[in-house]
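The following exercises concern domain organisation, helix packing and strand pairing. Each task is followed by a worked solution.

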Amino acid sequence: MDNITILAIETSCDETSAAVIRNGELLSNIVSSQIDIHTLYGGVVPEIASRNHLLSISRVTDKAMETSGVTFNDLNAVGVTYGPGLVGALLVGVSFAKALAYSLGVKLIGVNHMRGHISAAFLAGAKPPFICLVVSGGHTMIVKVKDYNTFELLGQTKDDAAGEAFDKVARVVGLGYPGGPKLDKLAEEGDDEYLSLPRAMLKEDNYDFSFSGIKSAVLNHINSAKMKGDTLDRAGVCASFRKCVCDILVQKTLRAAASHDLKNIAVCGGVACNMLLRRYLKEQCDLLGYKLTIPDNFLCSDNAGMIACSAHYQYLKGDCSGLDLNAAPSLSLN
Ligand code: KG4
Ligand code: ZN
């Protein structure tokens with residue numbers, strides 16, 4: 001099969017994105033972020049996200065096509081994220097992709113957003129099998145990537161996702177939205193031993209996580225400091241929280257690699273932009289002789305390039321969807 005060319009669409013949350021991939025190589029990856037709009041409300045407002053996807057999707061798709069240098073007639077398939085995510089936001093992308101695939105007479109490929117995040121590691125050069133830590137605003141999971149189309153979920157969070165916990169703590173510390181990157185930056189200046197926080201579930205012999213107790217411990221500290229009139233060491237709070245979360249993420253990922261006899265590790269999803277997580281894992285992997293792949297920040301946050309990559313491998317396997325494809329807000333990995 002020569003020149004497999006796929007256009008992919010991503011609208012699961014607050015980024016409207018389109019990308020073109022040819023033979024597994026990205027030709028374009030356009031992302032239009034709605035962050036400025038949602039910042040006014042302190043978080044993503046689902047209805048506003050859907051409306052803005054509607055306003056942007058044609059423009060973003062045209063730009064992705066134009067940048068790629070291919071024409072609509074060159075396309076073999078249209079890929080689209082159909083879950084998990086915000087139902088109204090997903091529906092915009094799914095309806096758009098269905099109409100496009102139907103009118104062009106090409107295949108439609110529904111892509112799982114989490115599988116998309118993992119596929120960013122393929123774009124960055126990771127070759128299966130490997131252990132993948134997927135950390136985003138909605139999910140935290142450890143996955144064994146057996147090949148380009150086979151994934152085994154080893155464990156996941158029982159409550160908050162890591163990104164969600166970062167965002168909530170950042171809000172209480174007064175950093176605003178989106179909090180993860182701001183907390184990460186302030187943490188660079190803080191003492192990571194300022195607060196002693198529980199390494200939840202670290203000792204348990206599984207690959208599951210729990211972040212809500214750690215988040216509550218931080219919030220309790222902040223509330224009691226406020227009541228006592230103590231000044232809060234905001235950088236210390238951020239540094240201690242970040243260190244605690246990263247300790248758990250890194251230790252459990254390394255443990256999964258060791259017990260599955262794999263020396264290749266990848267980290268994907270928005271939280272993979274975290275500076276400490278990147279440094280800490282690199283240091284540990286170097287020490288243990290493991291190969292670590294962390295895609296560039298642009299490929300870790302939501303983007304259609306990662307969806308296009310998954311669609312490429314699904315196309316090779318003949319894993320295509322019918323025109324009855326629907327949004328699946330709670331779609332699981334397997
Ligand atoms: O993967 P993503 O772009 O969207 C989802 O699918 O959720 O991840 C967004 C999440 C947000 O919670 C954001 O605060 C977090 O990733 N994030 C970070 C950093 N950059 C983004 N969390 C910690 N440190 C960062 N540098
Ligand atoms: Zn995502």
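Domain bounds here come from an automatic or database domain assignment. The model is a predicted one.

**Exercise 1.** State into which domains the protein chain is divided, and describe their relation in space.

*Solution.* Domain 1 comprises 5-118 + 300-317, and domain 2 comprises 127-294. Next, take the C-alpha centres of domain 1 and domain 2, which lie 27 Å apart. Finally, consider the contact: domain 1 contributes 17 residues and domain 2 contributes 21 residues.

**Exercise 2.** Classify the packing of helix H2 against helix H3 and give the handedness of the crossing.

*Solution.* Two packed helices are described by the angle between their axes and the distance between the axes. For H2 (residues 46-68) and H3 (residues 87-104), the angle is about 30 degrees and the axes are 9 Å apart. Angles under 35 degrees count as roughly parallel, so H2 is roughly parallel to H3. The crossing of H2 and H3 is right-handed.

The contact is then assigned to residues. H2 supplies Ser-50, His-53, Leu-54, Ile-57, Ser-58 and Thr-61, while H3 supplies Gly-88, Ala-89, Val-92, Gly-93 and Phe-96. Sorted by class, the contact of H2 with H3 holds 5 nonpolar and 6 polar residues, with no charged residues.

**Exercise 3.** Determine the sense in which strands S2 and S3 pair, and examine their hairpin.

*Solution.* S2 (residues 15-22) pairs with S3 (residues 25-33) in the antiparallel sense, over 8 bridges. One bridge joins Ala-18 to its partner Ile-30 in S3. The hairpin of S2 and S3 has 2 residues between the strands, and in this hairpin Asn-23 adopts a positive phi near 50 degrees.

Notes: Residues are numbered from 1 along each chain as its sequence is written. Chains are lettered from A and ligands numbered from 1 in the order in which they are written. This is a predicted model: local features need pLDDT of at least 70, side-chain atom pairs count only at pLDDT 80 or more; totals for chains, interfaces and linings use all residues. Side-chain values use heavy atoms; hydrogens and water are left out. Axes are lines fitted to C-alpha atoms, for helices over the stretch in contact, and angles run from 0 to 180 degrees between N-to-C directions. Helices (H or I, at least four residues) and strands (E, at least two) are DSSP runs, numbered from the N terminus. Angles under 35 degrees count as roughly parallel, over 145 as roughly antiparallel, 65 to 115 as roughly perpendicular and the rest as oblique. A crossing is left-handed if the near helix is turned anticlockwise from the far one by less than a right angle, and right-handed if clockwise. Contact means heavy atoms within 4.5 Å. Ala, Val, Leu, Ile, Met, Phe, Trp, Tyr, Cys and Pro count as nonpolar, Asp, Glu, Lys and Arg as charged, and the others, Gly among them, as polar. Two strands pair if DSSP finds at least two bridges between them.
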